[in-house]
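Please open the model in your viewer and keep the selection panel at hand. The stops below are given in the order in which they may be selected.

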Amino acid sequence: MKVLVVGGGGREHALIRKIKESPKVTSVACCPGNGGISYDAVCYSVSATDIDGVVSLAKEIKADFVVVAPDDPLALGMVDALNEAGFASFGPVAAAAIIESSKVFSKNLMLKYGIPTAEYKVFSNPDDAVAYIRDKNEFPTVIKADGLALGKGVIIAETLADAEKGIYEIMEDKIFGESGNSVVVEEFLTGPEVSVLAFTDGKCVKPMVSSMDHKRALDGDKGLNTGGMGTVSPNPYYTDKIAEECMEKIFLPTINAMNEEGRTFKGCLYFGLMLTPKGPKVIEYNCRFGDPETQVVLPRLKTDIMDIFYAICNETLSELDIEWSDEACACVVLASGGYPKSYPKGLEITGLEHGQTEGVTVYHAGTALKEGKLVTSGGRVLGVTALGSDLKAALEKAYAAADKIDFENKHFRHDIGKRALEALK
């Protein structure tokens with residue numbers, strides 16, 4: 001079987017590594033891929049958002065299955081086009097991907113179907129949004145761009161001045177482009193955060209093992225929001241009892257709500273949850289595997305991932321028993337100095353051989369090949385990931401490898417997993 005993976009980041013590298021473990025798979029192609037991915041798959045320079053180009057490539061290489069990993073092509077209808085061309089594919093159609101591509105849609109869906117989430121209001125006029133925040137006078141407050149923004153479209157405003165600045169940057173300066181035409185202003189929830197990715201065929205929901213992301217750029221959860229600076233699995237706050245409550249009040253109701261709306265969701269649905277004093281609430285949905293959560297969840301998957309993909313396509317997921325390793329997994333992201341703002345590219349990466357030790361994998365997120373050498377080409381460059389008998393062992397292995405990999409102005413957090421370890425005491 002020949003599999004084509006669409007995308008070019010750390011998530012895609014983790015997917016490719018897992019797909020290659022399947023005895024059914026003879027070769028893997030990726031578009032556009034990156035420098036590190038090129039060692040594991042044949043890379044083609046077709047943009048992940050080029051729908052016609054990807055369909056043509058799938059035909060050209062005679063792909064048996066296509067995995068569409070990023071949010072943008074899913075929202076644009078790439079799976080719709082692939083299905084129409086006769087390709088078996090993994091990922092939701094555009095009508096279902098709206099659960100991520102429009103924050104306004106997802107918040108209204110939760111309100112309509114009684115799915116627990118933060119209180120909110122929607123605004124298409126910046127002055128109205130600022131007036132509402134001023135009148136409410138509750139801080140911190142959360143401001144979200146309606147559309148897709150590379151995981152960075154959320155501002156947590158500590159003061160009215162921060163809120164005003166954020167609103168006008170999103171809605172008038174268009175720092176996230178057209179995604180900022182509308183904003184959602186919502187209450188700031190408190191409690192441990194949990195990421196739960198779930199396989200679903202539109203009828204059955206099979207949650208994956210839990211994880212904990214670290215969004216802020218700096219130690220101690222300081223600095224700007226990023227696409228994720230590291231993650232651990234499992235999340236110790238996510239108990240069996242909470243998992244049951246989430247299935248009953250959030251996971252199944254969401255799938256049922258999407259069916260009611262005529263937007264059946266098939267693929268990976270990501271639930272960003274806050275475990276508040278009043279119970280679990282949804283912070284956000286993603287219509288695809290999270291990044292970097294995928295990097296710690298998939299290494300723990302024991303079942304053949306292609307069996308899962310086909311079960312979703314054929315709507316037979318309920319018949320499949322999905323197995324997970326009891327090991328813990330940790331991922332430390334090595335980022336370019338300056339990320340998530342401006343940063344240099346083309347810096348040579350050294351010491352990657354240290355990521356080849358037992359139990360350690362380095363997933364490439366923002367790398368390129370230049371004159372035979374691997375160099376930086378993105379903000380998040382590498383995800384240094386390790387499995388261990390427990391979380392402490394996994395973190396020690398990941399950090400030991402991360403310390404030996406180098407590039408100019410390498411930046412990473414030194415406290416990934418700290419809260420999780422404290423919760424286990």
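Select D213 and K215: the two form a salt bridge, with their closest N and O atoms 3.5 Å apart. A salt bridge here is a side-chain nitrogen of Lys or Arg within 4 Å of a carboxyl oxygen of Asp or Glu. D213 is buried at a relative accessible area of 12%, whereas K215, at 25%, is partly exposed. Buried stands for under 20% relative accessible area, exposed for over 50%, and partly exposed for the range in between (1.4 Å probe, protein chains only).

The model is a predicted one, in which local features need pLDDT of at least 70 and side-chain atom pairs count only at pLDDT 80 or more, while totals for chains, interfaces and linings use all residues. Residues are numbered from 1 along each chain as its sequence is written, and side-chain values use heavy atoms, with hydrogens and water left out.

Next, select K373 and E348, a salt bridge whose closest N and O atoms are 3.9 Å apart. This pair links distant parts of the chain, 25 residues apart: K373 is in strand β21 (residues 373-376), and E348 is in the loop between β18 (328-336) and β19 (360-364). Helices (H or I, at least four residues) and strands (E, at least two) are DSSP runs, numbered from the N terminus. K373 is partly exposed, with a relative accessible area of 44%, and E348 is also partly exposed, at 40%. Then add D221, R413, D415 and R419, which salt bridges with shared partners join into one network.

Which residue forms a salt bridge with K107? Select E186: the closest N and O atoms of this pair are 2.8 Å apart. K107 lies in helix α6 and E186 in strand β9 (residues 183-187), so the salt bridge ties together parts that are 79 residues apart in sequence. K107 is buried, with a relative accessible area of 3%, and E186 is buried at 5%. The count of salt bridges comes to 23.

Stay with α6 (residues 103-113) and add helix α5 (residues 94-101): their axes come within 6 Å and cross at roughly 90°. The axes are lines fitted to C-alpha atoms, for helices over the stretch in contact, and angles run from 0 to 180 degrees between N-to-C directions. Helix α5 is therefore roughly perpendicular to α6, a term for angles of 65 to 115 degrees. On the α5 side, show I98, I99, E100 and S101; on the α6 side, show K103, F105, S106 and L109, which together make the contact. Contact means heavy atoms within 4.5 Å.

Now select L4, V66, I99, F251 and L273, the residues with the most contacts inside the largest nonpolar core, which has 46 residues. Such a core is a set of buried Ala, Val, Leu, Ile, Met, Phe, Trp, Tyr and Cys residues joined through side-chain atoms within 4.5 Å. Helix α9 (residues 240-260) supplies the largest share of this core, six residues. Another core, of 40 residues, lies apart from it and includes M208, V209, C331 and V333.

Finally, select I51 in helix α2 (residues 51-60). I51 is buried, at 19% relative accessibility. Not counting residues up to four places away in sequence, I51 touches L76, G77, M78 and A81. For a distance across the model, add V154: its C-alpha atom is separated from that of I51 by 28 Å, with their positions 103 residues apart along the chain.

Technical notes
Angles under 35 degrees count as roughly parallel, over 145 as roughly antiparallel, 65 to 115 as roughly perpendicular and the rest as oblique.
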